Amino acid sequence: MGYVRGLKCRECGREYPIDPIYVCEFCFGPLEVVYDYKKIKRKLTRKNIEKREKNLWRYRELLPIDGEPQVGLKSGYTPLIKADNLAKELGVSELYIKDDTVAHPTLSFKDRVVAVALTKAKEFGFDTVACASTGNLAHSVSAHGAKAGFQRFVFIPATLEPSKIVASLVYEPNLVAVDGNYDEVNRLCSEIANKYKWAFVNINIRPFYAEGSKTQGFEIIEQLGWKAPDNVVVPCASGSLLTKVWKSFKEFKEIGLLKSLDTKVYGAQASGCSPISTALKQGADVIRPVKPSTIAKSLAIGNPADGFYAIQAIRDTGGYAEDVTDEEIVEGIKLLARTEGVFAETAGGVTLACTKKLIETGKIPRDESTVMCITGNGLKTQEALVGRTASPHHIKPNLASFEEILSKIGYDRS
Ligand SMILES: *Cc1c(COP(=O)(O)O)cnc(C)c1O
Ligand SMILES: [Zn+2]
């Protein structure tokens, strides 16, 4: 009990008690959870963490709950993979994949944020949870919400990938497909959230929800042997994950779990929806909203809520941001699969293709260590690859037909 001090406005610093609220009444700034780091420092030692179960709740003192974790008891602690084949291909010395393609239960990093949001929703006494989603959040709210016994309302843009719609419907939420893009879905949901007493995970529960993203950063540090990487590349939709990965590194430094911290943070976007990387490259302070048009639908937020803070983190650390075309995204997905055996969704293609660009342009030095946050599974967005992979070798069911293929591909039996 009692590691959270309250909520605080990021703009004017005004403090609020812990409630399902997300915006400052005075300046409309976003609210953020603040902790008692002195108290956490005494409790959250490396030894204590290492003794705990391998899930995201092993860092629970740095998560905004009062009681026991109630949702996502097997979520988090995904592999950190040393990507030597890919490093060789890209010409860098040390490269890692933080592999949330295998997140439990719905194969994306959203399982982290929803685990925290729904635990908090239980503590607040809500019986209904809801969200506005670009796809992966729909899966996670539907699944975690089913297991935790919530009524679920899930709002998506009607143009979402068909496979992502099916993978939400299977959990039988109330799925609402809205004729509009994500930003329009989100605006509608803000209106609904004002009227109905639901826990909208990324609206009125957002300060708590967003904290769940820190667990990806905590795990990276622990899995690197309690060291921070020189560079971390993070895909950006609203920009929340990026700001929270950076917050997680700073918190581990603050409570003494990290000796030194000199990481540069990089943002990755699709060129068809790049409000954050565009503003950063132009040196602008305001983000100009865009109308998304990209195959990376999970990142297709044209008016990113945390974009300003993401840019701040990138600038403060000396990082940079890049964006890549749909073509480059598909090449990125294929390169990751071919070299490391990891099949990522379009957002992963964005992260890899941007990392490649950052290396080629010298923004990421070749002799430094880099972690790429690969945030979702490729089985979710197979549409992006249809017609863009090789075809199978088609044969008759006999040996001769098979060996014809062997000679055609030039397979050497010796
Ligand atoms: C939601 C999402 C992100 C980024 O989300 P933020 O809104 O920037 O926190 C990244 N990758 C995938 C696969 C996602 O679903
Ligand atoms: Zn304020």
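Start by selecting Val23, which counts as partly exposed because its relative accessibility is 31%, where partly exposed lies between buried, under 20% relative accessible area, and exposed, over 50% (1.4 Å probe, protein chains only). Before going on, note that this is a predicted model, in which local features need pLDDT of at least 70 and side-chain atom pairs count only at pLDDT 80 or more, while totals for chains, interfaces and linings use all residues. Residues are numbered from 1 along each chain as its sequence is written, and side-chain values use heavy atoms, with hydrogens and water left out.

Val23 sits in the loop between strand E2 (15-16) and strand E3 (31-35); helices (H or I, at least four residues) and strands (E, at least two) are DSSP runs, numbered from the N terminus. Add Tyr22 and Phe28 to the selection, and you have the nonpolar surface patch of about 290 Å² that they make with Val23.

Next, select Arg10 and Glu32, whose side chains meet in a salt bridge (3.7 Å, N to O), that is, a side-chain nitrogen of Lys or Arg within 4 Å of a carboxyl oxygen of Asp or Glu. This pair links distant parts of the chain, with Arg10 in the loop between strand E1 (4-9) and E2, and Glu32 in strand E3, 22 residues apart. Arg10 is partly exposed at 33%, whereas Glu32, at 15% relative accessibility, is buried.

From there, widen the selection to Glu211, Lys214, Lys244, Lys247 and Glu251, which are linked with Arg10 and Glu32 in a network of salt bridges. Within this network, zoom in on Glu251 and Lys214, where the closest N and O atoms are 2.9 Å apart. Glu251 belongs to helix H10 and Lys214 to helix H9 (residues 214-223), so the pair ties together parts that are 37 residues apart in sequence. Glu251 is buried at 2% relative accessibility, and Lys214 is buried with a relative accessible area of 0%.

Finally, turn to the largest cavity, which has a volume of about 310 Å³; a cavity is a set of points on a 1 Å grid over the protein atoms alone where a 1.4 Å probe fits but cannot get out, and its lining residues have an atom within 4 Å of a point. Select Phe109, Lys110, Tyr209, Ala237 and Ser238, which are the closest to its centre of the 28 residues that line the largest cavity. Then colour helix H4 (110-124), helix H5 (136-148), helix H8 (206-211) and helix H10 (240-254), each of which supplies at least two residues of that lining.

Note on methods. Chains lettered and ligands numbered in written order. Patch = residues over 30% accessible without salt bridge, like charges linked within 9 Å, V, L, I, M, F, W, Y side chains within 5 Å. Areas by Shrake-Rupley, 256 points an atom, 1.4 Å probe, with all protein chains shown as cover. 1 Å grid on protein atoms, 1.4 Å probe; cavity = no way out; pocket = protein on both sides within 12 Å on 5 of 7 lines; lining within 4 Å. Points joined across faces, edges and corners; volume = space filled by probe spheres on them.
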